[in-house]
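User: I am new to this structure. Please show me how to read its features, one at a time.

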Amino acid sequence: MVMIGYGELVLLRKGDGMGVITLNRPEKRNALSRALQLELRAALEDACADCRALVITGAGVAFCAGVDLAEQRERREQGTERVYAHGGNMWVETNELIRRHPAIMIAAVNGFALGGGLTLIHNCELAIASERAEFGMPEMGFGTFPGLAGPATIRRILPKHAAYMILTARRISAETGARWGIVNTVVPHERLLEEAEALARHVAQFDPVVLDYSKKAIRELDLMPWSEGIGYGGYVNSAIREHSQASREGVNRFLSGQRNPGQGADAEKA
């Protein structure tokens with residue numbers, strides 16, 4: 001068994017409860033090769049214990065150009081791609097690791113995000129875009145359906161907007177992406193990492209158990225009817241209280257006259 005590390009195709013720096021992951025394959029527009037995905041998985045594993053928030057960004061002009069199609073074709077032609085009954089799509093598996101990771105994921109979209117790059121943004125809980133960012137699903141031009149980006153986009157934005165992106169293969173701008181709900185906000189390019197890291201530090205101040213359970217709840221509640229969701233919300237709070245003192249400490253601070261984040265007339269606003 002070969003142990004896979006990171007540091008070439010994926011960079012990670014971390015501290016103070018947060019980290020920044022950089023996809024570092026700029027000459028290939030950060031296309032998601034198998035090697036890059038293995039390094040990404042290793043970096044995610046390394047960040048599990050001490051990062052409450054993780055920024056994901058790209059090196060160069062692109063955030064991520066999607067799955068490496070040239071590599072896929074080569075492996076098919078060489079017959080080196082083994083087919084499995086379970087877990088046959090590496091990019092699906094990588095996204096599942098991101099979904100289950102205890103850290104809150106923040107996409108810092110520095111350039112164009114296409115196909116799998118768009119899926120990666122959707123799989124982050126929060127997203128900030130540079131004014132230079134563009135979003136798209138070019139799969140229609142390849143005579144296929146965006147198997148991951150399509151379903152992910154349909155779950156995140158209005159149906160007509162998702163249909164436009166899928167059926168036209170046209171890219172949309174950073175401003176349109178913000179209006180349609182793909183990202184939270186758009187900032188000047190030179191301030192992108194500054195803003196994303198500030199947001200990560202803000203999120204990282206909160207209790208890791210509360211963040212982890214809240215991340216899971218946000219994803220699960222999206223699939224539940226109202227009454228089931230209300231019950232699930234109660235379960236989440238019970239689980240948090242069982243594994244963390246954060247709730248008791250927060251109430252005690254409030255009752256002693258101290259303000260918690262989000263409280264008071266002058267609470268920080270977006």
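User: Which side chains meet in a salt bridge with a 3.2 Å N to O distance?

Analyst: This model is predicted. A salt bridge here needs a Lys or Arg side-chain nitrogen within 4 Å of an Asp or Glu carboxyl oxygen. Lysine 14 and aspartate 50 meet that way, at 3.2 Å. The two are 36 residues apart: lysine 14 is in strand β1, aspartate 50 in the loop between α1 and β3.

User: Is lysine 14 buried or exposed?

Analyst: Under 20% relative accessible area is buried, and over 50% is exposed. Lysine 14 has 37%, so it counts as partly exposed. Aspartate 50, at 41%, is also partly exposed.

User: How many salt bridges are there?

Analyst: The count is 13. One of them joins arginine 171 and glutamate 134, at 3.1 Å. Arginine 171 lies in a loop and glutamate 134 in strand β8, so the pair ties together parts 37 residues apart in sequence. Salt bridges also link Arg13, Glu197 and Arg201 in a network.

User: Where is glutamine 37, and what does it touch?

Analyst: Glutamine 37 sits in helix α1. It is buried, because its relative accessibility is 3%. A polar atom of its side chain lies 3.4 Å from the backbone oxygen of leucine 32. Beyond its neighbours up to four places away in sequence, glutamine 37 touches Leu32, Met90, Trp91 and Thr94.

User: Which residues touch the most other members of the largest nonpolar core?

Analyst: In soluble globular proteins, nonpolar side chains tend to be buried together. Here the largest core has 42 residues, and Val109, Ile121 and Phe135 touch the most other members. Helix α1 gives the largest share, five residues. A second, separate core has 15 residues, including Met18 and Val203.

Terms used: Residues are numbered from 1 along each chain as its sequence is written. This is a predicted model: local features need pLDDT of at least 70, side-chain atom pairs count only at pLDDT 80 or more; totals for chains, interfaces and linings use all residues. Side-chain values use heavy atoms; hydrogens and water are left out. A nonpolar core is a set of buried Ala, Val, Leu, Ile, Met, Phe, Trp, Tyr and Cys residues joined through side-chain atoms within 4.5 Å. Buried means under 20% relative accessible area, exposed over 50%, partly exposed in between (1.4 Å probe, protein chains only). Helices (H or I, at least four residues) and strands (E, at least two) are DSSP runs, numbered from the N terminus. A polar contact is a pair of N or O atoms within 3.5 Å; within protein, one must be able to donate a hydrogen and the other to accept it, and residues adjacent in sequence count only if both atoms are side-chain atoms. Contact means heavy atoms within 4.5 Å.
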